[in-house]
Amino acid sequence: MPFFSIIIPVFNKESFVTKTLKSVLNQTFTDFEIIIVNDGSTDESEAKILSFKDPRIHYFSKLNEGVAIARNFGIEKAQGEFICFLDADDFWHPTFLSTMHSYIQKLPEQKVFATAIEIETNKKSIAAQYSIPKTSHFEIVNFFDASQKECVLWTSSIAIHKSVLTTVGSFDTQIKNCEDTELWIRIGLHYSIVFIWEILAKYVYDENSISRHWNYFFEPYTFNKYALPEKQNPKLKQYIDLNRFAAVIKCKLNNNSKLAQEIYSEIDLKSLALKKRILLKMPAFILKTLIEFQRFLTNIGLGNSVFR
């Protein structure tokens, strides 16, 4: 059995998938399998993938049903003790798996591991900013405390013991937006996170990607799912309110004032920083101007999201 199972869902990533796969095959730690799930791509992604001839690659092609179902399909096929996810337009530095393996051996009681990431913009790569005090080469953190800026769990920079997904469940296929973040919430309610400060994964910033779209935010279904638990867990409440903040801003940008007001009414404003409370009061045209400026800053390597 391989130590790591690496699950890569692919949907129309012909421009990126070759670099992504090379970053896995160039790992210094080699005891792994790669499970590629082609989720109905209509471009040349399949041809790019099939050009690789490595027995550790297991390729599956299916009809397009969304990334949550594709990842769950990969989880079902996984044989490894630890599962890693890698989006088909991101990539790892060569020591990602060896570093993960080292910390897993060092901290055998821990089940969830994550590394710092960098963001590749049009101009340069910038390190993500975390709400974690740095005291050592790694920290054992509470997910909600550690995710007030950049989320401490990010799809392409984690290793999770397979038993974790048995305990909390896999990706919720009813969720179409932010299905990964919702799974991290469930993990955070049960497990501490080993966060490694070394930057070992790279997110390729694309302002046109779905995660940058104004319709990409927690759906009412997701908020309702945590309506009772958040009343009993202040840390969860604060994190859900951060996502409500992002949802309100995006609803205003979409001129959906009714939904914006419904979500806004559930926020405990005392949990938000002053800047966020001010942004919530701004009209859509000012928010659009600020976001365009923020995108410009990000593309030149200076920006952080206004949504966190």
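Trainee: Which residue in β9 is the bridge partner of I83?

Mentor: In this model, which is predicted, the partner of I83 is I160 in β9.

Trainee: Why are strand β4 and β9 said to pair?

Mentor: Two strands pair if at least two bridges are found between them, and strand β4, residues 82-85, is joined to β9 over two bridges, in the antiparallel sense. The count meets the cut-off, so the word "pair" applies to β4 and β9.

Trainee: What makes strand β6 a partner of β9 as well?

Mentor: The test is again at least two bridges, and three bridges join β6, residues 112-120, to β9, with the two strands running antiparallel. Within that pairing, V112 stands opposite I160, the residue that is also the bridge partner of I83.

Trainee: In which sense do β1 and β4 run, and how many bridges join them?

Mentor: Strand β1, residues 4-10, and β4 run parallel and are joined by four bridges, with F4 standing opposite F82 of β4.

Trainee: What makes you say that both faces of β9 are covered?

Mentor: I158 and I160 are on one side of β9, residues 158-161, while A159 and H161 are on the other, and all of these are buried. For β4, F82 and C84 point one way and I83 and F85 the other way, and these residues are all buried too.

Trainee: Which residues touch the most other members of the largest nonpolar core?

Mentor: The core has 99 residues, and those touching the most other members are F4, I6, F143, L153, W184 and I187. Helix α10, residues 234-253, gives the most to this core, with 10 residues. As background, nonpolar side chains tend to be buried together in soluble globular proteins.

Trainee: Which residues does I6 touch, if those up to four places away in sequence are not counted?

Mentor: I6 touches V24, F32, E33, I34, I35, C84, L86, W92 and L97 under that condition.

Trainee: Why is N177 called buried, although N177 is found in a loop?

Mentor: N177 lies in the loop between α6 (162-168) and α7 (179-190), but the name "buried" depends on a relative accessible area under 20%. N177 has 15%, and therefore counts as buried. Leaving aside neighbours within four places in sequence, N177 is in contact with N215, Y216, F217 and E219.

Trainee: How do you know whether C178 is buried or exposed?

Mentor: C178 is found in the loop between α6 and α7, and its relative accessibility of 10% is under the 20% limit, so C178 counts as buried. Phi of C178 is near 65 degrees, a positive value in a residue other than glycine.

Trainee: What is worth noticing about a positive phi of that kind?

Mentor: Most residues other than glycine have a negative phi. N12 also has a positive value, near 55 degrees, and lies in the loop between β1 and α1 (17-25). The relative accessible area of N12 is 29%, and since partly exposed covers the values between 20% and 50%, N12 is partly exposed.

Trainee: What makes S170 partly exposed?

Mentor: S170 has a relative accessible area of 27%, which falls between the limits of 20% and 50%, and so S170 is called partly exposed. S170 is in the loop between α6 and α7, and touches N72, I75, L165, L183 and R186, not counting residues up to four places away in sequence.

Trainee: Why is P108 called exposed?

Mentor: Exposed means over 50%, and P108, with a relative accessible area of 56%, therefore earns that name. P108 is found in the loop between α4 (96-106) and β6. The C-alpha atoms of P108 and N12 are separated by 38 Å, and the two residues are 96 residues apart along the chain.

Trainee: How do the lining residues of the second largest pocket divide into nonpolar, polar and charged?

Mentor: The lining divides into five nonpolar, one polar and six charged residues. Among the lining residues are P220, F223, N224, K231, R244 and E266. The volume of this pocket is about 220 Å³, and α8 (220-225), α9 (227-232), α10 and α11 (257-264) each supply at least two residues of the lining.

Key:
Residues are numbered from 1 along each chain as its sequence is written. This is a predicted model: local features need pLDDT of at least 70, side-chain atom pairs count only at pLDDT 80 or more; totals for chains, interfaces and linings use all residues. Side-chain values use heavy atoms; hydrogens and water are left out. A nonpolar core is a set of buried Ala, Val, Leu, Ile, Met, Phe, Trp, Tyr and Cys residues joined through side-chain atoms within 4.5 Å. Buried means under 20% relative accessible area, exposed over 50%, partly exposed in between (1.4 Å probe, protein chains only). Contact means heavy atoms within 4.5 Å. On a 1 Å grid over the protein atoms alone, a cavity is a set of points where a 1.4 Å probe fits but cannot get out, and a pocket is an open set with protein on both sides within 12 Å along at least five of seven lines; lining residues have an atom within 4 Å of a point. Grid points are joined across faces, edges and corners, and a volume is the space filled by probe spheres set on the points. Ala, Val, Leu, Ile, Met, Phe, Trp, Tyr, Cys and Pro count as nonpolar, Asp, Glu, Lys and Arg as charged, and the others, Gly among them, as polar.
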